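Biologist: Could you take me through one part of this model closely, giving the cut-offs as you use each term?

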Amino acid sequence: MNNMITLQHTQIKTSFEISTHVVEHVFKVTLYKKLIGMVSRYTLNEITAKYESVPYAGKNPSRCGCVMKTTHDLPCACELSKYVAGSIPLETIHIFWRRLIFSDQGLCEADVTITKAMETISK
């Protein structure tokens with residue numbers, strides 16, 4: 001079991017490294033300029049799939065359905081239509097998709113330590 005988890009961990013770390021250093025040809029356009037090396041390849045592929053439906057959905061949320069925004073907190077087709085001439089801002093991507101490391105650093109907004117937690121519990 002430990003070997004299997006170690007292997008999965010190594011595969012995920014490898015995927016993160018590839019996301020940071022390797023850029024596919026399809027992502028070398030201005031649209032992805034601010035996202036390259038900052039989000040996972042999976043995220044870029046999901047955004048690309050939604051971007052292909054922009055001509056159909058346009059800026060109409062009823063056609064788009066905004067499923068990607070609701071389920072993954074990634075820009076949906078109607079939101080991506082705003083960035084056709086520019087690039088997608090990094091702020092539109094949820095922090096979960098921007099984490100390319102395993103540390104918990106930066107994930108928690110409040111500065112909580114175990115000492116504070118233990119004091120709270122003892123009170």
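Modeller: Let us take aspartate 73, which is found in the loop between α5 and α6 (77–80); helices here are DSSP runs of H or I with at least four residues, strands are runs of E with at least two, and both are numbered from the N terminus. The model is predicted, and local features therefore need pLDDT of at least 70, side-chain atom pairs count only at pLDDT 80 or more, and totals for chains, interfaces and linings use all residues. Residues are numbered from 1 along each chain as its sequence is written, while side-chain values use heavy atoms and leave out hydrogens and water.

Aspartate 73 is not a glycine, yet its phi is positive, at about 55°. Most residues other than glycine have a negative phi. Because its relative accessible area is 30%, aspartate 73 counts as partly exposed, a class that lies between buried (under 20%) and exposed (over 50%), with a 1.4 Å probe and protein chains only.

On the other side of α5 (67–72), the loop that follows α4 (61–64) holds cysteine 66, another residue other than glycine with a positive phi, in this case near 50°.

Beyond the loop of aspartate 73, helix α6 contains glutamate 79, which counts as buried because its relative accessibility is 13%. With residues up to four places away in sequence not counted, glutamate 79 touches Lys69 and Thr92, contact being taken as heavy atoms within 4.5 Å. Aspartate 73 is thus partly exposed, whereas glutamate 79 is buried.
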